Amino acid sequence: MPKNKKKQESSSSDSDEGPIDRNQPAEKKAKMASRTEDKEPTWVIQGKKLAKVREFKGKVYIDVREYYEKNGELLPGKKGISLTPEQWRKLLSLGDEINEAISSSC
């Protein structure tokens, strides 16, 4: 018969708090990346998906990217896109059309 590897948690505490989750949800971890920490304007889209205004080789980009955590630090992953300010403005101008397409497909 296979052994059940799941341990039964026991608590000697009489508090009403219940078990403490040591692993914070991804959204809380991603919020650590902020303007003050990175010195780059940063917005959390969802979880570890962030939008940042960054400078690369002397040019400004709007970077929408999925980050990953390594040694307690959030690092940019391969999944994402960097847009020039001109491309960003074009995308914003298409917002109403995109929202309409989303509404008609749902």
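# Exercises on a predicted model

Leaving aside neighbours within four places in sequence, Arg-65 is in contact with Lys-48, Lys-49, Leu-50, Pro-76, Gly-77, Lys-78, Lys-79, Gly-80, Ile-81 and Ser-82. The model is predicted. The exercises start from this residue.

## Exercise 1. Place Arg-65

Task: find the element that holds Arg-65, decide whether Arg-65 is buried or exposed, and list polar partners of its side chain.

Solution.

Step 1. Locate the residue. Arg-65 sits in strand β3, which covers residues 59-70.

Step 2. Check the accessibility. The relative value for Arg-65 is 13%. Buried means under 20%. Arg-65 therefore counts as buried.

Step 3. Look for a side-chain partner. The side chains of Arg-65 and Asp-63 make a polar contact at 3.1 Å.

Step 4. Look for a backbone partner. A polar atom of the Arg-65 side chain lies 3.4 Å from the backbone oxygen of Lys-78.

Step 5. Return to the contact list. Lys-78 is in it, and so is Gly-77.

## Exercise 2. Follow Gly-77 back to β3

Task: which strand holds Gly-77, and which residues does Gly-77 touch beyond four places in sequence?

Solution.

Step 1. Assign the strand. Gly-77 belongs to β4, residues 73-83.

Step 2. Read the contacts. Beyond four places in sequence, Gly-77 touches Arg-65, Glu-66, Tyr-67 and Tyr-68.

Step 3. Take one of these, Tyr-67, and compare sequence with space. Gly-77 and Tyr-67 are ten residues apart in sequence. Their C-alpha atoms are 5.0 Å apart.

## Exercise 3. Trace the strand pairing

Task: work out how β1 pairs with β2 and how β2 pairs with β3, then describe the two turns.

Solution.

Step 1. Begin with β1 (residues 42-46) and β2 (residues 49-56). They pair in the antiparallel sense, over four bridges.

Step 2. Fix the register. Trp-43 stands opposite Ala-51 of β2.

Step 3. Move to the next pair. β2 and β3 also run antiparallel. Eight bridges join them.

Step 4. Use Ala-51 again. On the β3 side, Ala-51 stands opposite Val-64. Ala-51 thus links the two registers: Trp-43 faces it from one strand, Val-64 from another.

Step 5. Inspect the turns. The β1-β2 hairpin has two residues between its strands, and Gly-47 in the turn has a positive phi of about 55 degrees. The β2-β3 hairpin likewise has two residues between the strands. There, Lys-57 takes a positive phi near 50 degrees.

## Exercise 4. Map the nonpolar patch

Task: which residues form the nonpolar surface patch, and which element gives the most to it?

Solution.

Step 1. Name the members. They are Trp-88, Leu-91, Leu-92, Ile-98 and Ile-102, with about 430 Å² of accessible area together.

Step 2. Assign them to elements. Those giving two or more residues are α3 (85-93) and α4 (95-105).

Step 3. Rank the elements. α3 gives the most, with three residues.

Step 4. Check one member. Trp-88 lies in α3. Because its relative accessibility is 30%, Trp-88 counts as partly exposed.

## Exercise 5. Summarise the chain

Task: give the order of the elements, then the share of buried residues and the exposed area.

Solution.

Step 1. Count the elements. The chain has four helices and four strands.

Step 2. Order them. From the N terminus they run α-α-β-β-β-β-α-α.

Step 3. Assess burial. Of the 106 residues, 13% are buried.

Step 4. Assess the surface. The chain exposes about 9600 Å², and carbon and sulfur atoms supply 50% of that area.

Step 5. Assess contact range. Among contacts with a separation of 6 or more, 10% join residues 24 or more positions apart.

Terms used
Residues are numbered from 1 along each chain as its sequence is written. This is a predicted model: local features need pLDDT of at least 70, side-chain atom pairs count only at pLDDT 80 or more; totals for chains, interfaces and linings use all residues. Side-chain values use heavy atoms; hydrogens and water are left out. Patches are made of residues with over 30% relative accessible area and no salt bridge: like charges are joined within 9 Å, nonpolar side chains (Val, Leu, Ile, Met, Phe, Trp, Tyr) within 5 Å. Accessible areas come from the Shrake-Rupley method with a 1.4 Å probe; for residues, only the protein chains shown count as cover. A salt bridge is a side-chain nitrogen of Lys or Arg within 4 Å of a carboxyl oxygen of Asp or Glu. Buried means under 20% relative accessible area, exposed over 50%, partly exposed in between (1.4 Å probe, protein chains only). A polar contact is a pair of N or O atoms within 3.5 Å; within protein, one must be able to donate a hydrogen and the other to accept it, and residues adjacent in sequence count only if both atoms are side-chain atoms. Contact means heavy atoms within 4.5 Å. Two strands pair if DSSP finds at least two bridges between them.
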